[in-house]
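The following exercises concern a predicted model. Work through each task before turning to its solution.

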Amino acid sequence: GISATIGLNAALTGEGRVSCGVLDWLNPPEGVKYDVILASDVIYWEHLVEPLLRTLLRLAHERTVIFLGYVKRFNRTHRRCFPKLHRHFVCERVWGGDGPPIANPAGSVLPDATASKGRAVT
């Protein structure tokens, strides 16, 4: 899993500088800020948009970069989430492949974001 991958790359990243774990959006930790936040497939259910946003705001500082792997599923959730992200973060869309941003050949969009408190990517 991801922990094994982090271990294999410790020589490049520095031992103990990268970590992963489960994050409860309804009860995010306090007093900790991250330089990079990586999340994939987290924008799904409309009722979880607010908890996700609160969690990102709590964990980000003004120079945090947030990468969100995203596949558009529900228009209503999409319309609710992204205006809120843009309100708090400077957002830009990045993706790989030759396809359009919402449906590239891999079926995902990789947004990069820096907390606004700074900037973010969606």
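**Exercise 1. The nonpolar core**

Determine how many residues the largest nonpolar core holds, which residues have the most contacts inside it, and which element gives the largest share.

Solution. The largest nonpolar core of this predicted model has 19 residues, and those with the most contacts inside it are Val42, Ile43, Leu56, Ile66, Leu68, Leu85 and Phe89. Turning to the secondary structure, the elements that contribute two or more residues to this core are the strands E1 (34-40), E2 (60-69) and E3 (89-92), together with the helices H3 (49-59) and H4 (75-88). The largest share comes from H3, which provides five residues of the core.

**Exercise 2. The largest pocket**

Describe the largest pocket by its volume, by the residues closest to its centre, and by the elements and residue classes of its lining.

Solution. Begin with the volume, since the largest pocket encloses about 940 Å³ of space. Its lining consists of 23 residues, of which Ser19, Tyr34, Val36, Ile37 and Leu38 are the closest to the centre. Next, assign the lining to elements: helix H1 (2-8), E1 and H3 each supply at least two residues, and E1 gives the most, with six. Finally, sort the lining by class, which yields 17 nonpolar, four polar and two charged residues.

**Exercise 3. The aromatic pair**

Find the aromatic pair of the structure, give its geometry, and decide whether Tyr44 and Trp45 are buried, partly exposed or exposed.

Solution. A pair of aromatic rings is described by the distance of the centres and the angle of the planes. The structure holds one such pair, formed by Tyr44 and Trp45, with 4.6 Å from centre to centre and 80° between the planes. Because planes over 60 degrees apart count as edge-to-face, the pair of Tyr44 and Trp45 belongs to that class. For the accessibility, recall that partly exposed covers the range between under 20%, which is buried, and over 50%, which is exposed. Tyr44, at 27% relative accessibility, is therefore partly exposed, and Trp45, at 46%, also counts as partly exposed.

**Exercise 4. The largest cavity**

State how many cavities of 30 Å³ or more the structure holds, and then give the volume and the lining of the largest cavity.

Solution. The structure holds one cavity of 30 Å³ or more, and the volume of the largest cavity is about 30 Å³. Its lining is made up of Ile43, Tyr44, Tyr70, Val71, Lys72, Arg73, Phe74, Thr77 and His78. Divided by class, this lining contains five nonpolar, two polar and two charged residues. Two residues from the earlier exercises recur here: Ile43 lines the cavity and is listed among the core residues with the most contacts, while Tyr44 lines the cavity and takes part in the aromatic pair.

Definitions and conventions. Residues numbered from 1 in each chain as written. Predicted model: local features only at pLDDT ≥ 70, side-chain atom pairs only at ≥ 80, totals over all residues. Heavy atoms only, no water. Core = buried A, V, L, I, M, F, W, Y, C linked by side-chain atoms within 4.5 Å. Buried < 20%, exposed > 50% of the residue type's maximum accessible area, 1.4 Å probe, protein only. Helix = DSSP H or I, 4+ residues; strand = E, 2+ residues; numbered from the N terminus. 1 Å grid on protein atoms, 1.4 Å probe; cavity = no way out; pocket = protein on both sides within 12 Å on 5 of 7 lines; lining within 4 Å. Points joined across faces, edges and corners; volume = space filled by probe spheres on them. Nonpolar A, V, L, I, M, F, W, Y, C, P; charged D, E, K, R; others polar. Phe/Tyr/Trp six-rings, centres within 6.5 Å; stacked < 30°, edge-to-face > 60°.
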